[in-house]
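I opened this notebook to record what I looked up, beginning with strand pairing and going on to ring contacts and one helix.

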Amino acid sequence: MAKHAWNPFLRFPRSSLAISVLVCLPLFLLLPRFKVSSEAHVLLEGDQRNLASYEKVKQILADTEVVVISLECPDVFSPQGIDAVRRVSDALQPLAGVEDVKSLTHSVKPVRRGLGFEMVPLVPSGLTTAQEIESFKRFCLEQPLIRDVMVAADGKHTLITVTLSAKANTQIRQRKLRDEIDAALEPFQREGFRFQILAVPLIEDEIRSTLRSDAQKFLPASAILLAVILGWTFRSLRILLLVLANQLFVLLLLPGAMELTGFSLSVFTVMLFPLLSGIHLAQLAHVYSSFQAFQRAGQGAADALHSMLDQVFKSCGFSLLTTAIGLLSLAISDVRQIQEFGFLGTFGVVLIFVLTFGPGLALMKIVFERWPLKADSTDAMGPDRILTAESADGRGLTSGRRERSWLVRVIHAIGGLLDRPSAGPRHDAAWLDWLIHVVQKRGSLIVAAVGVAALFDGLGISQVRTDIRAVEFLNRRSPTRQAVEELDKTYGGINVVQIEIDSGAEHGINQLEFLRYVEKLQRFAESYPGVSAAYSYAQLLAMINQIWEEGRPEALQLPENPLLINLFVLALKSQNYPFLTALCDPSFRIAHLVVRTRDMPSDRYLAIISGILRHAEQNKLGGISVSATAGIHSILEADRRILRSQISSAGSSTAVIGLVLTLLWRSPRLALLSLLTNAVPVAFVIAIAGYAGVPLNSITIMVAAICLGIAVDDSIHFITHWRDAVRAGLSAPDAVADAFRIKGRPIVFTSVILIAIFSIFWFSSFPPVVHFGLLSAIAFLGALATVLFFLPAVLCFYRR
């Protein structure tokens, strides 16, 4: 027993527990400052296509904020439709902080006045007759910078943009903005009009509200589930309360630690809480199951604690180390959110180890010295199995204790009802004996089945999709997702890439030959399958030429006269035309071809851009260079980062875990066997993701490294006990039977806890979190099967 006598939490439990609480007090005090991060930038960081668009818009808007509202009505180009657009725009204008409102009825267009241009309302005054409305409709749907920009091609949807003078970057401002917009649009919704609203502040407010809603669902579901599982596992009220107290202590410390390190709760890090809860519960299951068996076999609290530490401390320590390695491997990822998850998860695992074998031990000693568990000589594990060299001396039993207060007696009575030895352990012996029989008699068949499963894994992994789309992070019922999908479907797409065409000289893009080349390339891009629209500098000059020619349809072409081109350029610069900066650089050296598509898989998207670039290279003029390197590189890099993260995190965690296990058992073969036992089910869930079309994104990419680090814990406990039994003189099959009887129940219980905890992610409102939880639960179920069947089957054939 002197082996753990150095531990101050066992020698001085009360004082060490008090000091621990005082040390942790600063972290508890940081809890009120804990914040939820809902920045749209965080959600978009994995989706390079949408992130690039977001960054450009953010740069253009500077310190302003824009709200985009899509209005749906039976016919925009009708007196009732135009009147509705005007009334909605007027209703939005008085809102607090509104700087400008743009819509069909609140916009201007250039018209020719002599040798110059004048800006007039886009909707002509007195637009009442059917002929006038039809002419206006034709104008809007034929103008490429109005069609699918201000009004949809179907004539039933139109966009209204509201520019705010200041950013709504606080929770109060974002909520106020949402309430004001909803209040302004409510009368029109009662009239039957339909709206979709998209704005960065509203996206962030929705993410924040969704995270809180998920937390409110997670907490009661977790509490009920854990109470049922823990009650079934331990059948002891005081153990149940102690386990929950340990859990609460860790979960209250984590927010303070996140605040101290500068991290915040986001859609990525929110998963840490149930994840660490499951890891902690798995360790507590081993600790309390062992302690419970020793004390019910007759040992006092102090002796049972020492015996428990002799049995589980090393295996628990190494299992937590492998879990930390799996999480820490995420820190070398190229994706920032995965790095944060890895660092925070590793810190949480260290915290779990320190609290479990520090203050947790002190609390156990204090409680069980006063309220010991009742002895059970019929326990299936039996004193002959679990007692150490010293015999139980009965310390800590209730006899001879001083009279308790009435409250203590009531608590003790309630605990006694649940602490009564049950028939559970005796029933456990039946299924444990069945398992022993199966693995010893059907070992070859089990190994063959695992081999077939490995082939299944290989085929599924080859079909895994690494396609990251920010919209897929949101639930289908999400207002933001619905708005984005409507914009994508109705207005011609949300994917935009910019192709740069460098003339090689300042003002070179105003040369007629260069403009004709750009015009031909833009028309080719428009006709390319999958492209919904293409915009170019040459197209802008053709539109100005049509205005100059009094709107004649045949005048929508480049002017032939260089003097007219220069006149149009001066007019565009003087009027600060909004599309000019998007279609060329300030020095007029580089023209931009902006290609727009609907949302699609990245490989198809890249194929479209590559096809347009090939055509541009084949037909380009001398001295011209064409490039879309930045846009394509960012898309390719997004997928490459996912693959690199998967390979680097899984590979590094496997290598380091293998080295640690080799040092633990001094046997590379046992380390390899443990890794293989858990690699097969982890590969299985990745294969399932491939078969089911679940994409690997910034969240689901973490499944392999995390599950491998956690799932290997059970094999560590099993092999460690098996190895000790073999070293004590048992044969390999007998050592397997011994490991089953001692470790079988805790392994099953810990796996059930992990499966249950990760299944709670089903309630999440974020699809990648749902996928992460379900894939992880399947991985742990598969790991349980391989630990109970494959691992012992191989160990039965093991030779020293």
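**Entry 1: the sheet.** In what order do the strands of the open sheet lie, and is the pairing parallel or antiparallel? I noted that the model is predicted, and then read the order of the four strands as β2-β5-β1-β6, with antiparallel pairing. Strands β2 (98–102) and β6 (194–198) form the edges, since each pairs on one side only. I recorded an average twist of 20 degrees from one strand to the next.

I then took up the pairing of β1 (residues 65–72) with β5 (residues 157–164), which is antiparallel and runs over eight bridges. Within this pairing, Ile69 is placed opposite Ile160 of β5.

**Entry 2: helices on the sheet.** I looked up which helices touch these strands. Helix α5 (residues 79–92) packs on the sheet and touches β1, β2, β5 and β6. The direction of α5 makes about 15 degrees with that of β5. Helix α7 (residues 171–190) lies across β1, β5 and β6, and runs at about 165 degrees to β6.

**Entry 3: aromatic pairs.** How many aromatic pairs does a search of the whole structure find? I obtained 18. I examined Phe77 and Phe136, whose ring centres are 5.8 Å apart; their planes stand at 65 degrees, and planes over 60 degrees apart count as edge-to-face, so I entered the pair under that heading. Phe77 belongs to the loop between β1 and α5, whereas Phe136 belongs to helix α6 (residues 130–142); the pair therefore ties together parts that are 59 residues apart in sequence. I found both Phe77 and Phe136 to be buried. Elsewhere I noted a cluster in which ring pairs link Phe758, Phe761, Phe772 and Phe780.

**Entry 4: charges over rings.** I looked up Lys109 and found its charged end over the ring of Phe139, 4.6 Å from the ring centre. I also looked up Arg112, which lies over the face of Trp548 at 3.6 Å from the ring centre.

**Entry 5: helix α20.** Trp548 led me to helix α20 (residues 537–548). Its twelve residues reach 17 Å from the first C-alpha to the last, close to the 16 Å expected at 1.5 Å a residue. Is α20 largely enclosed by the rest of the structure or exposed? I found twelve of its twelve residues to be buried, so α20 is largely enclosed. Among the buried residues are Tyr537, Gln539, Asn545, Gln546 and Trp548. Just after α20, I noted a positive phi of about 65 degrees at Glu550.

Methods. Residues are numbered from 1 along each chain as its sequence is written. This is a predicted model: local features need pLDDT of at least 70, side-chain atom pairs count only at pLDDT 80 or more; totals for chains, interfaces and linings use all residues. Side-chain values use heavy atoms; hydrogens and water are left out. Two strands pair if DSSP finds at least two bridges between them. Helices (H or I, at least four residues) and strands (E, at least two) are DSSP runs, numbered from the N terminus. Axes are lines fitted to C-alpha atoms, for helices over the stretch in contact, and angles run from 0 to 180 degrees between N-to-C directions. Contact means heavy atoms within 4.5 Å. Rings of Phe, Tyr and Trp (its six-membered ring) pair if their centres lie within 6.5 Å; planes under 30 degrees apart count as stacked, over 60 as edge-to-face and the rest as tilted. Buried means under 20% relative accessible area, exposed over 50%, partly exposed in between (1.4 Å probe, protein chains only). A charge sits over a ring if NZ of Lys or CZ of Arg is within 6 Å of the ring centre and within 35 degrees of the ring normal. The expected span of a helix is 1.5 Å times one less than its number of residues.
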